[in-house]
Number of protein chains: 2
Amino acid sequence: MSNSENPPQDPISKVESNKDLRITLIGTGTIGLSFAAFHLSHLLGPSQLTIYDTRADVAQHVEENLPPFFAEKPSQASISNIRIAPSLEAALKDAHIVQESGPENLDFKRKLWAEVEKHAPENALLWSSTSGIPASQQAQDMKEKSRVLVVHPYNPPHIMPLLELVPSRDTSEEVIERTCEFWTKRGRVPVHIKKETRGFVANRLAFALLREAIHLVNEGVVSVGEIDSIVESSMGPRWAVAGPFKSYYVGGGPAGLEGFFDNIGGTVQDCWDDSGKLNVGDGWETKIFKQTKETYGSVDVGERDRITRRLLDVLDQEKSYTTRSSAN
Amino acid sequence: MSNSENPPQDPISKVESNKDLRITLIGTGTIGLSFAAFHLSHLLGPSQLTIYDTRADVAQHVEENLPPFFAEKPSQASISNIRIAPSLEAALKDAHIVQESGPENLDFKRKLWAEVEKHAPENALLWSSTSGIPASQQAQDMKEKSRVLVVHPYNPPHIMPLLELVPSRDTSEEVIERTCEFWTKRGRVPVHIKKETRGFVANRLAFALLREAIHLVNEGVVSVGEIDSIVESSMGPRWAVAGPFKSYYVGGGPAGLEGFFDNIGGTVQDCWDDSGKLNVGDGWETKIFKQTKETYGSVDVGERDRITRRLLDVLDQEKSYTTRSSAN
């Protein structure tokens, strides 16, 4: 079912030559506006970015809070390419992509997708930015459950290249492929997560390290600032170039990862055995929260993002290495 | 006890003006040669780098395998500043710093330090590159146990800035301070680890993430190459700029790390509860080793290091931000 008289043909797979792409964003929180900045900086020709939000001052809110990123990137688009939709129905009409970054609330998302299904073109891609609500649950009230795909960014998405694509069992291969192609063509790194795992993948990895970091600070081995210094001067830059498997594969010499575990598997196991098993609410919070606040006070996020972009520009220039490294 | 007639006065704390610094390296494996390249690129004036190794072809081995790093860095030193010592005693005479990167073998290190104590000037700094043998055990046979300090690099040390300084309970504050000053003045990041923790800190953090990564590949959620793509396009570049505590502190908004845990502490705990508890030898090895080898084949380590150095150069230029961020 489609409200569009001329539903677009294969709009995403021809996106490089598609100068009439219509993206609709729902929700104007931090993530929604960050995606808006990204899309705006990558629009071609008369392509359209439509924003819908129930808040009354949405136009003013977008104008005041849109990250300035788009203005620094070569693109024919300007903020005038953003259209604020007067209603959800108007926002959905003729859209090739509908991307929701609304409240992290299952009820909201279930109702939203059921409504979207009524008004959006039937081959429009439907993406959710959720960091935790599986597509399978979001699509419960839809007739066609194959359409919804979680496209989980690493915050902020106008800077960070990763997008975790997390389908439900119902999500169609075609939706995954078209989504993958969209992001790859824009220089981003979409990764297809094969199971609806709690927390997806990036956060699970990061939280595992965070747990050990909290444990070591809690035990008085190092401070909060020292943990960050350690990571910033070792794993951070290393893993920006070569992830953990590649790094340890190299570290094992000619025998690869097996050589690595032959050499120091005992130490790895000792570290795992000795690792902290602390939980949220165990009482470490007071000390860790206080120390972190005392260490950092007020942080200039713009400065962090500017430096991160410089690093990502270097990595983009070296893409031939990175692409080869992430073949799988 | 010293064999030097004129033991150097406070040699390290005046190192910037010290143009007659004598560093002795013991061991010419990968780590030893990497440290040699670093020191050579930072020698001033007639300073001397002495290398001792029991292998017969040590001079040829050093010449052939020294990383080319030193040649690219501005320094008055050349490979001719390296002196190959004919004996341990000759290597130690007049040394300001004795740095061992010998076999990871407690017996070797115990005997070495007892011997070093007999021949090196009494205020020479004694550093071990060990990744796991505590200073307290290494110093067992010494008269003056306050002298040995673990200075654990992140491999390769001629590229990576981190040095974990891990004293025993006996190691003197003065030794720690002089060591810290030496590395800081050379633009490196020495971090004082307060307890002789198994695996120290950097490896513990990395191994915690690796455990979860292996678990997720083993469960078929993502592939080895996808784990690396995820980390390279999210945590890697982010943590190169702002470590995990700083990142989540920012992520919590005005309420900081407490705000972060208020918002998604439940998800964090769910991820921790659901995390893999696999151990070395559990049987995941066959699949993971094979997949890693198929993904990476032959890796150009020089290329990895070159790109890493480009990132570190950017971070060096942005040092004012990084320094502020790691205050503690």
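Trainee: Which residue of S5(B) is the bridge partner of Ile97(B)?

Mentor: This is a predicted model, in which local features need pLDDT of at least 70, side-chain atom pairs count only at pLDDT 80 or more, and totals for chains, interfaces and linings use all residues, while residues are numbered from 1 along each chain as its sequence is written. Chains are lettered from A and ligands numbered from 1 in the order in which they are written, and side-chain values use heavy atoms, with hydrogens and water left out. Strand S4 (residues 97-100) and strand S5 (residues 125-128) of chain B pair in the parallel sense over four bridges; here strands (E, at least two residues) and helices (H or I, at least four) are DSSP runs numbered from the N terminus, and two strands pair if DSSP finds at least two bridges between them. In S5(B), the partner of Ile97(B) is Leu125(B).

Trainee: At about what angle to S4(B) does helix H5 of chain B run?

Mentor: Axes are lines fitted to C-alpha atoms, for helices over the stretch in contact, and angles run from 0 to 180 degrees between N-to-C directions, with contact meaning heavy atoms within 4.5 Å. Helix H5 (residues 106-119) of chain B lies across strand S1 (22-26), S4, S5 and strand S6 (148-153) of that chain, and its angle to S4(B) is about 165°.

Trainee: Which strands stand at the edges of the open sheet of chain A?

Mentor: In chain A, eight strands form an open sheet with mixed pairing, in the order S3-S2-S1-S4-S5-S6-S7-S8. Two of these strands each have a single partner strand, so one side of each is left without a neighbour in the sheet, and they are S3 (82-84) and S8 (189-192) of chain A.

Trainee: By what angle are neighbouring strands of this sheet turned against each other on average?

Mentor: Among the neighbours, S1(A) and S2(A) pair in the parallel sense over five bridges, and strand S2 (residues 48-52) of chain A pairs with S3(A), also in the parallel sense, over three bridges. With direction ignored, the average turn between neighbouring strands is 25°.

Trainee: Which helix of chain B packs on this sheet of chain A, touching S7 and S8?

Mentor: From chain A, helix H7 (residues 173-185) packs on the sheet, and its direction makes about 75° with that of S5(A). From chain B comes a helix of residues 224-232, whose direction makes about 145° with that of S8(A), and this is helix H9.

Trainee: As by what kind of axis are the two copies related?

Mentor: Copies are superposed by least squares on the C-alpha atoms of residues with pLDDT of at least 70 in both. Chain A can be laid on chain B with an RMSD of 0.0 Å by a turn of 180° and a shift of 0.0 Å along the axis. The copies are thus related as by a two-fold rotation axis.

Trainee: Which residue of chain A comes closest to the rotation axis?

Mentor: The same surface serves both copies, since 100% of the contact residues of chain A recur in chain B. The closest C-alpha of chain A lies at 2.3 Å from the axis and belongs to Gly236(A).

Trainee: How far apart are the end C-alpha atoms of helix H12 of chain A?

Mentor: The expected span of a helix is 1.5 Å times one less than its number of residues, so the 19 residues of H12(A), 256-274, should span 27 Å. The value found agrees with this, as the end C-alpha atoms are apart by 26 Å.

Trainee: On which residue is the kink in H12(A) centred?

Mentor: The bend at a residue is the angle between axes fitted to the seven residues ending there and the seven starting there. In H12(A) the kink is about 75°, and its centre is Ile264(A).

Trainee: Which helices of chain B help to cover the buried residues of H12(A)?

Mentor: Buried means under 20% relative accessible area, exposed over 50% and partly exposed in between, with a 1.4 Å probe and protein chains only. The buried residues of H12(A) include Phe260(A), Phe261(A) and Trp272(A). Their cover includes helix H11 (244-251) of chain A and, from chain B, helix H8 (202-218) and helix H13 (285-296).

Trainee: What percentage of the residues of chain A count as buried?

Mentor: Chain A holds 15 helices and eight strands, and one of these, helix H1 (residues 30-40), is mostly covered, with nine of its 11 residues buried. Of the 328 residues of chain A, the buried share is 60%.
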